[in-house]
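Biologist: I'd like to learn how to read a model like this one. Can you walk me through it, starting with the fold and moving on to the details?

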Amino acid sequence: MNFDQKVQLSIIVLLTGLVIVFVMLIFLTYLIKGYSAIIRNIHPDEKTKNIPKAAPAAQKAFVPVPSVEAGIPEETVAVIAAAVYAMYGTSAGKVQSIRRAVQPGRSSWKMAGLLENTRPF
Amino acid sequence: MNFDQKVQLSIIVLLTGLVIVFVMLIFLTYLIKGYSAIIRNIHPDEKTKNIPKAAPAAQKAFVPVPSVEAGIPEETVAVIAAAVYAMYGTSAGKVQSIRRAVQPGRSSWKMAGLLENTRPF
Amino acid sequence: MNFDQKVQLSIIVLLTGLVIVFVMLIFLTYLIKGYSAIIRNIHPDEKTKNIPKAAPAAQKAFVPVPSVEAGIPEETVAVIAAAVYAMYGTSAGKVQSIRRAVQPGRSSWKMAGLLENTRPF
Amino acid sequence: MDIWNEFINSVEGIFKASGFVSNDWRNYVMIAISGILIYLAIKKQFEPLLLLPIAFGMLLVNLYPAIMAAPQTTMQLVSDYQAAHGGATANYAMVTIGNQQYYQIPQVGGLFYYLYQGVKLGIYPPLIFLGIGAMTDFGPLIANPKSFLLGAAAQLGIFTTFIGAIFLGFTGKQAGAIGIIGGADGPTAIFVTSRLAPELLGPIAVAAYSYMALVPIIQPPIMKALTTKKERSIVMEQLRPVSKLERILFPIIVTVIVSLLLPDACPLVGMLMLGNLFRESGVVGRISNTAQNELMNIITIFLGVTVGATATGSVFLSMQTIEIIILGLLAFSFGTAGGVLFGKLMCWTSHGKVNPLIGSAGVSAVPMAARVSQKVGQEENPGNFLLMHAMGPNVSGVIGSAVAAGVLISILG
Amino acid sequence: MDIWNEFINSVEGIFKASGFVSNDWRNYVMIAISGILIYLAIKKQFEPLLLLPIAFGMLLVNLYPAIMAAPQTTMQLVSDYQAAHGGATANYAMVTIGNQQYYQIPQVGGLFYYLYQGVKLGIYPPLIFLGIGAMTDFGPLIANPKSFLLGAAAQLGIFTTFIGAIFLGFTGKQAGAIGIIGGADGPTAIFVTSRLAPELLGPIAVAAYSYMALVPIIQPPIMKALTTKKERSIVMEQLRPVSKLERILFPIIVTVIVSLLLPDACPLVGMLMLGNLFRESGVVGRISNTAQNELMNIITIFLGVTVGATATGSVFLSMQTIEIIILGLLAFSFGTAGGVLFGKLMCWTSHGKVNPLIGSAGVSAVPMAARVSQKVGQEENPGNFLLMHAMGPNVSGVIGSAVAAGVLISILG
Amino acid sequence: MDIWNEFINSVEGIFKASGFVSNDWRNYVMIAISGILIYLAIKKQFEPLLLLPIAFGMLLVNLYPAIMAAPQTTMQLVSDYQAAHGGATANYAMVTIGNQQYYQIPQVGGLFYYLYQGVKLGIYPPLIFLGIGAMTDFGPLIANPKSFLLGAAAQLGIFTTFIGAIFLGFTGKQAGAIGIIGGADGPTAIFVTSRLAPELLGPIAVAAYSYMALVPIIQPPIMKALTTKKERSIVMEQLRPVSKLERILFPIIVTVIVSLLLPDACPLVGMLMLGNLFRESGVVGRISNTAQNELMNIITIFLGVTVGATATGSVFLSMQTIEIIILGLLAFSFGTAGGVLFGKLMCWTSHGKVNPLIGSAGVSAVPMAARVSQKVGQEENPGNFLLMHAMGPNVSGVIGSAVAAGVLISILG
Ligand code: NA
Ligand code: NA
Ligand code: NA
């Protein structure tokens, strides 16, 4: 390739690449938004109903790989614990903070999800 | 194939198929009956001696797949529990019903076997 | 091959084989000795520091295959237990024998290592 | 504006290569069908362990058919290749055609093409049987070996369906593969179909697994229609316990007899029995557990997605598929009827000691069909527990349909 | 002394076949490099699950290159063969060359040659994505779909690096493979490289996994340089909970859209989403667990050692590798910058509701990059917890780089 | 009566294809032998993890030899094919022979043919070594490196048996494969035999695993005959603890040295050491667990059944097998003697600090041989615990026989 060809190929790949990636992901953004809105309109209470159900499954999936979790530094665990707190805690003044603490399914599910996602792979 | 060929092929496959399947399984029926009888003559007490031994193995094999069992509807569990009861219970008036209950190896083995077989695969 | 060729091939394989195997393993002997000495000079206390850490890992690796351990005859378990005792016990008069018993990480690690090695494969 | 044109060309090229252009309406119909199957698998829990992978494989292949593409060799002029690679030569085979030298450049196949080889070469079904053997308790069958007869009678559906398929115009091999749906046993159906009529693998697998999930709906009306209230109320005698030695000898004897008499059934029956021997021997817990868990799960994933991926729109959406689906229903129905009627015969010869409802379990569809026997029996007499009695014909049905598979491969293969 | 001479010959033969004679200095340099990588993997815990197998594969191939050798056919005169086997004939193919008959005796390849086929044929990366999908929670992305934009913006590094590579003299395909390092996603990088420029697999894989491990060192300075203290202190609103139905539909919708629009991304995205569907469906726990544990672990071992084994001294020790390592660093840096700058844009358009620090997580490098966002945010405001907000762009970055991979394969492949 | 005749023909055809007709008496003898091996595996627990699969593979192949059949291509006249398929054309390769056009229709091979490729191509043994490495504690060897010498001396049996085999008329390659039985290490024996003399795989594998199980019977008389009561009573000094760093460096150093000096030993030793590095590094628990559990179990199943399946009656029932079984016993005996005698030498040079009984553990047969040393020692002195001291030579014997394997492949291969 001569210099001109290089410039041309560069610009085409840059442009096409960014445009396609953005178009695709913007498209997905709107789609996800759309179907989420529809679902929440149809099942307004499903969001709370279903999550506790999922808890044992998430916990179970999480149990068989303790060796990996063993490798997570304490610092990270602290960060995660804090994050869980933050998610519920920032509005803790308004909401029924004690009842949250009583919902073990919910918070342990979130915890498991967090740990799963923060597993180093 | 013309119509006659179809008729012929149909009858041959139907006849051969059913005959071979029946001959084979009848043969197996008599073989199993025969060797069972021989074994029970030689080791008249083995039937009770060996089963409790197998219990922990059966239980163990059953432990690692709790996710599947989680999918068994309560109705089925009730049915199975009832079936276990039935196997020992129909003649419960005659036999030492309390001692049965004391043999945990036996009944848990049966239970595990049942659950294993009723696992949906 | 005629007889002479057989004799010749035999001697060559016997000689070469034994010489190479011995040279290789003697070489390894000195290498292992050497780097062990270097490491123990540099980190004189590492030998005790690191071992308790490894304990949970060894135990964990050992947990998922209980079915195999179940097959180890009691005699072997006795032998192993005795061996563990022997390793610490022969000099038990001199060392702080009670503190040893308090170090569960250490002895359970050894135990797990022993069992792992004596697993029949 | 040269760059702009090139950019437009490039985007156009991507669009032209996209599924929107290359896929036709059939693919979209299949995408919708796979959506329905995913719904049934998740919401209705119809055999989800296989239906979910099958449905997703069907989805992917209709979105992107190249995922099943076989590897190919493309020819490129050596001079062109060198121009594109800065003059470097490559390590490909060369051919000379009309004084021109070409490189033969191998192109890799699609992901599912490679995973599918395990289906095509008949490797996955026996390995799944290994796992099933390791999780099956043949105790009820050993305790009551007459159950074998019910497991034989319930194979009636296979052979009657064969006749139906022949008269609908299918070839002999295709009819055999369609008939095996009546075996109510997924791996057996896939094994036979991959040998006799791989072109029908998609519809046959979908029909087999769907009807297995629908057993609780298909069987009860037939069972009730063919039995009297009195027969359905029969309480059966308790099964005797089975010793460890009997359990260990069972898989060996079944293997020897079936393999000697009907070699074509050997891979399926042999692996089923090897798994069972692992289980019953009690000395190889390690490999018994792996056979029934990880190995089986891995193969289930590969088998499911690739079997689903045989159902491309152009193949699946045909009159044949509809015929196969109807024939499959007949196969299950005739099998059920065969089992129940033979159960009536055994009831009669045993002077009322056998409840004919356990006959329907002989189709296999383990353990669903045995549960159906239990449930229908309990409807008449809530204190009647047929489950263990139905497990005998149920597991015998697995052996029965493997034997029927051997017969079909032997006659038609 | 005949025996003695023969013995000396024999030992000499072994010595001549030993690595001391056949290996050159480059191999020893590579052995040292693999030692450093093993140190980093174990002591510094830099992505040890892949770096340790990669390093050991690199070690073995430089000690014993034949471990990657392709199978070959050797020719032996039939008469010679028979002389060596007591006159027995063999079952090999025969050729006649110039009135002499030869056996074509197949020689087996090296161990890693066979294991490497899973890389070469593009089988391992999608299967690893299956496992990753089964362990990924897309909840934060569904709760805040705008995260997709950050996952798109952070792919900037891929395309800018492509340009750099082009101007350093790499071919288009090679430049695409180098660019994908910026995707910060191991399986994607390996998948693209094995399709576009397999000759660069070693350095690209090493660079990709090394930089993924170095994310906590590479990203913070860039993040701080591009944001103000005020921006870094922004506390984001709590994410809404996501219902099970939304979670189940997500993988299906993403698969359909991405596969239709960009077929070349289908194997990666499709498998990622199948794994996630296994997870979210809740009905196939068995295969979901196996996909994310045993299957993934087995493939991780095979992928790691064989990718490492592509890094022989003569291939790895070149100016190209140094260039790739520099370009890889640029790719990560530009990706991080792209994400952060787009985060600033979203901060501005949302009137300060979005903390731009979560943008850097869009490069993927799951979950390291999200933790970095959390940590940098907490340095400004110890009570600010960005982790869950950064998980959205983080998992979106996986999809984003798979889409970018599809674009590169489509344009350049 | 046309139908009747056809039915009789069909049943006759099935009978003629059955094992009763095609198998000869040798197959039945093998079936009986496999029954004995199954009995030994289950009742006597002789290495059941491998002996049970081996025995069942032997059973299946003698019931149904086609289970090991290689894939073949059959030729069918295109016109015949079309007549049988309603005029449809097929996608098979075509050849024209004498103006007739034929389809080349590929026939799939038997199940075990495909699974056996992992043995034939040398893939399974190194992968089993990976798992063994992950479960082996080399601590006792690092604590007392002189154990290496005992692991070397106990390989004597390999080379003396080679001589015996040569003089019984085996070829050089065959003699090498027979000698390696003395390595007392299953995967090594299978690896060497599959390279040097695949035709002897069945008897060699059966001999190797049988004698490994019989170590507690074979070794004690030899050990007692060669040692004095005083020597057997020697109490050895406690082993020093080994640091983590020493444990991590050990596999790397052994790999480098062995692979450089003797490349042919690299696949076995390299994988063994990679597994051990997984274990000792402590940072890759996931893949270490999978390597020693699921991966090893899956491969154990495949290796076992297919190695057993090489033992067809016509191959196994020969004078050669009897010779191999006798030579195998000699190999174990000479190996034991070599280890014990060298132990006596070390006892003498160390002024009575080394108990020569630990020398016999150098044959490997991990961990059985070490237990035998322990037990024989305890018979003299119930308070003497040699197990840990014997583990050093024991694990060193694994490395020793892998090195011996490398020598044999290098000289004879
Ligand atoms: Na059936
Ligand atoms: Na990315
Ligand atoms: Na050895």
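Modeller: Sure. Keep in mind that this is a predicted model. Start with how far along the sequence the contacts reach: in chain D, of the contacts between residues at least 6 apart in sequence, 77% join residues at least 24 apart.

Biologist: And what is the secondary structure of chain D?

Modeller: Chain D has 21 helices and three strands. Along the principal axes, its C-alpha atoms fill a box of roughly 90 × 45 × 35 Å.

Biologist: How many residues does chain D have, and what percentage of them is buried?

Modeller: There are 413 residues in chain D, and 67% of them are buried. The cut-off for "buried" is under 20% relative accessible area.

Biologist: Let's try that on one residue. Is N23(D) buried or exposed?

Modeller: N23(D) counts as buried because its relative accessible area is 8%, under the 20% limit. Its place in the chain is the loop between α2 (19-22) and α3 (25-42).

Biologist: Which residues does N23(D) touch?

Modeller: Leaving aside residues up to four places away in sequence, N23(D) touches Y28(D), N62(D), L63(D), P65(D) and, from chain E, L260(E). For the polar side of that, look at backbone oxygens: the one of N62(D) is 3.0 Å from a polar atom of the N23(D) side chain, and the one of L63(D) is 3.3 Å from such an atom.

Biologist: Now the metals. Which residues coordinate the sodium ion (ligand 1)?

Modeller: With a metal, list the donor atoms before anything else. The sodium ion (ligand 1) has backbone O donors from G183(D), V363(D) and G397(D), plus OG from S364(D) and S401(D), at 2.2 to 2.7 Å. Then check the sequence spacing, which for these donors reads G-x179-V-S-x32-G-x3-S. One pair links distant parts of the chain: G183(D), in the loop between α11 (172-179) and α12 (186-196), and S364(D), in the loop between α19 (319-349) and α20 (368-380), are 181 residues apart. Both G183(D) and S364(D) are buried.

Biologist: What are the donors of the sodium ion (ligand 2)?

Modeller: In chain E they are G183(E) (O), V363(E) (O), S364(E) (OG), G397(E) (O) and S401(E) (OG), lying 2.2 to 2.7 Å from the ion. S364(E) sits in the loop between α19 (319-349) and α20 (368-380) while G397(E) is in helix α21 (residues 387-412), so this pair ties together parts 33 residues apart in sequence. S364(E) is buried, at 0% relative accessible area, and G397(E) is buried at 0% too.

Biologist: And which residues hold the sodium ion (ligand 3)?

Modeller: Its donors are G183(F) (O), V363(F) (O), S364(F) (OG), G397(F) (O) and S401(F) (OG), at 2.2 to 2.7 Å. Here's a helix trick: G397(F) and S401(F) are about one helical turn apart because they are four residues apart in helix α22 (residues 387-412) of chain F. Both G397(F) and S401(F) are buried.

Biologist: Last one, an interface. How many residues from chain F and chain B take part in the contact?

Modeller: Seven from each chain. For an interface, look at area and chemistry together: about 680 Å² is buried between chain F and chain B, with carbon and sulfur atoms giving 83% of that. On chain F's side, I3(F), E6(F) and F7(F) supply 63% of the area it buries against chain B, more than any other three residues. The residues on that side divide into four nonpolar, one polar and two charged.

Biologist: How many salt bridges and polar contacts link chain F and chain B?

Modeller: Zero salt bridges, and two residue pairs in polar contact.

Note on methods
Residues numbered from 1 in each chain as written. Chains lettered and ligands numbered in written order. Predicted model: local features only at pLDDT ≥ 70, side-chain atom pairs only at ≥ 80, totals over all residues. Heavy atoms only, no water. Donors = N, O, S within 2.8 Å, 3.2 Å for Na, K, Ca; no water. Helix = DSSP H or I, 4+ residues; strand = E, 2+ residues; numbered from the N terminus. Buried < 20%, exposed > 50% of the residue type's maximum accessible area, 1.4 Å probe, protein only. Contact = heavy atoms within 4.5 Å. Buried area = accessible area lost by both parts, 1.4 Å probe. Salt bridge = Lys/Arg side-chain N within 4 Å of Asp/Glu carboxyl O. Polar contact = N/O pair within 3.5 Å; in protein donor to acceptor, adjacent residues only side chain to side chain. Nonpolar A, V, L, I, M, F, W, Y, C, P; charged D, E, K, R; others polar.
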